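I opened the notebook to keep track of what I looked up in one structure. The entries follow the order in which I checked things.

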Amino acid sequence: VIRELKEELSALKSRQGKDYRDAEIRRLRAELEKITQEKQDLEVTFLHLQDEVKLSKKNSALKEVKILKKIVQSLEEELIKERTKHQRSASKRSQEYSQVIDELEEVKASERNLKIRVKSLTNELVLYKKGRLTPVGPSPQCRSN
């Protein structure tokens, strides 16, 4: 456009008619004002578009933040459920462990009693074999059990 205007201007300068030059200068000035106004309108439109792009980026960022917050919340809820499940399981295992320990203590006590009984019966048997003791009936320990 500028090149064309320069060419037109040089062509006009080469022509001698003053009236023609004045009319052409007015026409060129009007065209320049029109183009300048068009440029300003385009700049305003460009600024508006930039603002819209900024707003859309903010809106999309807000949407992403909301989505991420929902994801975090659901993961936190899932974590709480898993913790509760684990606590129940650990409590159950602890209770079972306590029961097994109690049973083990009972079995050990029973084993001690049975060993004492076996020793007593073994001693009694030895005495019977030596003839020092005559069987009269069940031993006193058998009656107590």
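The entries below go from the whole chain to salt bridges and then to surface patches.

**Entry 1: the model and its confidence**

I noted at the start that this is a predicted model. I looked up the mean pLDDT of the chain and wrote down 85. I also noted that 84% of the residues reach 70 or more. I then asked which element of the chain has the lowest mean pLDDT. Helix 3, residues 140–144, has the lowest, at 53. Helix 2 has the highest, at 91.

**Entry 2: the layout of the chain**

I listed the secondary structure and found 3 helices and 0 strands. Read along the sequence, the pattern is α-α-α. Helix 2 covers residues 18–130, and the entries on salt bridges below keep returning to helix 2.

**Entry 3: burial and surface**

How much of the chain is buried? I found that buried residues make up 5% of the 145 residues. The area that the chain exposes is about 13700 Å². Carbon and sulfur atoms supply 58% of that area.

**Entry 4: salt bridges**

I looked up how many salt bridges the structure holds, and the number is 3. I took them in turn.

Glu31 is paired with Arg27, and their closest N and O atoms are 3.1 Å apart. I checked where the two sit: both are in helix 2, and they are separated by about one helical turn because they are 4 residues apart. Glu31 has a relative accessible area of 27%, so I entered Glu31 as partly exposed. Arg27 is also listed as partly exposed, at 35%.

Glu43 and Lys39 form another salt bridge, with 3.1 Å from N to O. These two are 4 residues apart in helix 2, which means that about one helical turn separates Glu43 from Lys39. I noted Glu43 as partly exposed, with a relative accessible area of 39%.

Lys115 and Glu111 form a salt bridge as well, and here the closest N and O atoms are 3.9 Å apart. I checked this value against the cut-off, which is within 4 Å. Again I found a spacing of 4 residues in helix 2, so Lys115 and Glu111 are separated by about one helical turn. Are Lys115 and Glu111 exposed or partly exposed? Lys115 counts as exposed because its relative accessibility is 54%, and the cut-off for exposed is over 50%. Glu111 is at 41% and therefore counts as partly exposed.

**Entry 5: a negative patch**

I next looked for charged patches on the surface. Which residues form the negative surface patch? I wrote down Asp102, Glu103, Glu105 and Glu106. I followed up on Glu106, which is placed in helix 2. Glu106 has 57% relative accessibility, so Glu106 counts as exposed.

**Entry 6: a nonpolar patch**

I also looked up a nonpolar surface patch and noted an area of about 390 Å². The residues that make this patch are Ile67, Leu68, Ile71 and Leu75. I picked out Ile71 and found that Ile71 lies in helix 2. With a relative accessible area of 41%, Ile71 is partly exposed. I entered Ile71 that way because partly exposed runs between the buried limit, under 20%, and the exposed limit, over 50%.

Methods
Residues numbered from 1 in each chain as written. Predicted model: local features only at pLDDT ≥ 70, side-chain atom pairs only at ≥ 80, totals over all residues. Heavy atoms only, no water. Patch = residues over 30% accessible without salt bridge, like charges linked within 9 Å, V, L, I, M, F, W, Y side chains within 5 Å. Areas by Shrake-Rupley, 256 points an atom, 1.4 Å probe, with all protein chains shown as cover. Salt bridge = Lys/Arg side-chain N within 4 Å of Asp/Glu carboxyl O. Lys, Arg positive; Asp, Glu negative; His and termini not counted. Charge placed at Lys NZ, Arg CZ, Asp CG, Glu CD. Buried < 20%, exposed > 50% of the residue type's maximum accessible area, 1.4 Å probe, protein only. pLDDT = per-residue confidence, 0-100.
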